[in-house]
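Welcome! Below are a few short exercises, each with a worked solution, to help you find your way around a protein chain you have not met before.

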Amino acid sequence: FVFQQKMNEFVGSNDSWWYNGDGLHPNSDRATLLFMDRKDDCLSPLMHEFTYEAMVNDLLNIEDDRITYNSINAGTAKEGMTDEKTTKMDALLNDNDEVWMELRGMHIADVIKVLSSRIRDIVDSNTGSTLNKAAKGKDGKALSVSQMAKALKALPEYREIMSKLSQHMQIAHQCMDVFTKQKLLDLSDLEQTLATGKTDEDVVPTLKKILGEVVTEFRGQPNSVMRLRLLAIVIVSQRGLESQEQLDILLAEARLSEKELNALKNIEKLGCPLVRAPQTGAKGRMGKIRSTKVSAYHPDAIESSSAETEYVSSRYSCVLKAIMEKAAKGELSVEEYPSVMPLPDAEGMLGPSSMSKAKSVRKMTSSSSKWAGSSSTNSQGAKKKAHGGRQIIFMAGGMCYSELRAAREVMADSNMEIVVGSNRFIKPMDFLIDWKNLGRKEA
C-alpha cells in the first residue's frame, strides 16, 4: 500500500509521465508488479548452481564485473618447441561482452562444448592441416586450453574472436578446476536430493540415510563455511530438523565457529526453525512439515523443472520460477499474493496469446541504481515488440543468479516480457553474511 500511495503521488505530480494501461495512450497493457521477500525462499541462494554466470560468481573472485584469470599463451620459442607461459589477465564480464551475454545462462558443460566447437570451426576453416599443426587436437574432442593458445598464435587473422573465445574457455576451465578441487559433483548430488526430496534415480530416501551422508561430507570437508552452507541447506530444505538431538549431532560434526553458529541461528528470524515444533503444523507457502522421509522443499518448483534438464546436478528449480510461470499464465493465487488494485485482464496476461518474445531480462545490480538491459536480437535482427502487460518482479533482500536464469527461461517459454530486479544480486557467501548481520544495529 505504501508503494501504491507513493506511485500515485508521483504520477499526480508529474503531468508528463504516463504508464502502460493508463487508458490515455495506445500502448501495451498495464504491467503487474510483484513484490517478493527473500525470506520466502532461503534455499535457492544456498544451492550450488552450475550455470556459467552462477559458477563464476560463486567459485571465482569477481568484483564489479571484473575478474582476473590465468591466461595460458603459446610461447615464443622457435617452431617445434612447446614452451608456454601463464599470465594474469583482467576481463569485464558485462553487457558489452557478447559471448558472456550469450553463454552466461548455460550449464557449464554446455559452455565448454560450445566454446570448443567454435574454436575448432575457426581453426578448421583456415586450412585442413592447421588443426593438427597448431592445436595438436583429435577430431571430435574438446580442445585443451594450451591447444587453443597455440591455435590462437597460428591464426592471426582470427585473433580478436579467438582471443575472446579463449578467454571464456579459460575462465570456464577455472570454474571446473574449483569444481573438481572442492568435489562439488558429489556435494551437489546431496544438495539436490535434500531440495527435491528424491535421488537422481527418483527414489525418496529416509532422512536418516541422507543425514548420514551429510555427516560424512562434514568429516571430509576442511572448509567450515562449506560445512555451514550444507547444514543450512539441510535445515532450510526440511523446514527444520526433527529434534534437538538431531541438531546437536550435526552441529558437533559441523564444527562451526561461534560467529558461524550465530549466523545459523539467525535463520529463525527468517521464519525457518532450527528444530520443528513437535505438533503438526499447517502447510505454509514455501513447504510443509516433514516426515521421516526427505521431502521436496517446494513441490511446485520441482514440477517446473523436472523435464527440462539433462543434468542431474540441476534437478532443483528455484521457487520463483514456479511463481513466474503461474503469473505468466494468469494463474497466480490472489489469496497468497493479494493485489493492491485489480489485476489486468487474465487473458491479457497470457504470454503465448498476447505477447511476442522479448529476449532480455533487465536487472539492477548492487553497483548501479539503473535497470541494465541485456538484450539480443531475433533471427531478423530486430527485437520483436511486446503487446501485453509485462511482469515486473522485485525481490527485497537480494536476488540469486538461479532466479535470474529462471526469469530468462520463463520469458523464452511464455513469450512474455519479464523484468526482475532487487536491491542487489547475492552470492551464497553474501547470503550467509546477511544471516550473520541479521538483527545487528547500525553504529
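**Exercise 1. Decide whether Arg255 is buried, partly exposed or exposed, and describe its surroundings.**

Step 1. This is a predicted model, and the relative accessibility of Arg255 in it is 42%.

Step 2. Buried means under 20% and exposed over 50%, so Arg255 counts as partly exposed.

Step 3. Next, place the residue in the chain. Arg255 sits in the loop between α11 and α12 (258-265). Just after α11, this residue takes a positive phi of about 55°.

Step 4. Now look for its partners. Leaving aside residues up to four places away in sequence, Arg255 touches Phe218, Arg219, Gln221 and Arg227. Its C-alpha atom is 7.1 Å from that of Ser224, and these two residues are 31 apart along the chain.

**Exercise 2. Find which residues of helix α11 are buried, and work out how they are arranged around the helix.**

Step 1. Helix α11 covers residues 244-254, and its buried residues are Gln246, Leu247, Leu250, Glu253 and Ala254.

Step 2. Look down the axis of α11: the buried residues fall within an arc of 130°, so they line one face of the helix.

Step 3. Turn to the other side of α11, where Glu245 and Ala252 are exposed.

Step 4. Finally, ask what the buried residues pack against. The answer is α9 (207-220) and α10 (224-237).

**Exercise 3. Work out the strand order of the open sheet of three strands.**

Step 1. The order is β1-β5-β6, and the pairing is parallel.

Step 2. The edge strands are β1 (32-37) and β6 (418-422), each of which pairs on one side only.

Step 3. On average, neighbouring strands of this sheet are turned by 20° against each other, direction ignored.

Step 4. Take one pair in detail. Strand β5 (residues 391-396) joins β6 in the parallel sense over five bridges. Met395 has Ser422 in β6 as its bridge partner.

Step 5. Add the helix: α14 (residues 319-328) lies across β1, β5 and β6, and runs at about 155° to β5.

**Exercise 4. Classify the aromatic pairs Phe50 with Phe179 and Phe431 with Trp435.**

Step 1. The structure holds seven aromatic pairs. For Phe50 and Phe179, the ring centres are 5.3 Å apart and the planes stand at 80°, so this pair is edge-to-face.

Step 2. This pair links distant parts of the chain: Phe50 is in the loop between β1 and α2 (52-59), while Phe179 is in helix α7 (residues 159-181), 129 residues apart. Phe50 is buried, with a relative accessible area of 4%, and Phe179 also counts as buried, at 14%.

Step 3. Phe431 and Trp435 are 5.3 Å centre to centre with 65° between the planes, an edge-to-face pair. Both lie in helix α18 (residues 428-437), four residues apart, about one turn of the helix.

Step 4. Check their accessibility: Phe431 is buried at 2%, and Trp435 counts as buried at 1%.

Step 5. Ring pairs also link Phe3, Phe35 and Phe394 into a cluster.

**Exercise 5. State how confident the predictor is in this chain.**

Step 1. The average pLDDT of the chain is 78, and 71% of the residues score at least 70.

Step 2. Over residues 280-291 the pLDDT is below 50, and this stretch has 23 contacts in the model beyond near neighbours in sequence.

How values were computed: Residues are numbered from 1 along each chain as its sequence is written. This is a predicted model: local features need pLDDT of at least 70, side-chain atom pairs count only at pLDDT 80 or more; totals for chains, interfaces and linings use all residues. Side-chain values use heavy atoms; hydrogens and water are left out. pLDDT is the predictor's confidence in each residue, from 0 to 100. Contact means heavy atoms within 4.5 Å. Two strands pair if DSSP finds at least two bridges between them. Helices (H or I, at least four residues) and strands (E, at least two) are DSSP runs, numbered from the N terminus. Axes are lines fitted to C-alpha atoms, for helices over the stretch in contact, and angles run from 0 to 180 degrees between N-to-C directions. Buried means under 20% relative accessible area, exposed over 50%, partly exposed in between (1.4 Å probe, protein chains only). The arc is that of the directions from the helix axis to the C-beta atoms. Rings of Phe, Tyr and Trp (its six-membered ring) pair if their centres lie within 6.5 Å; planes under 30 degrees apart count as stacked, over 60 as edge-to-face and the rest as tilted.
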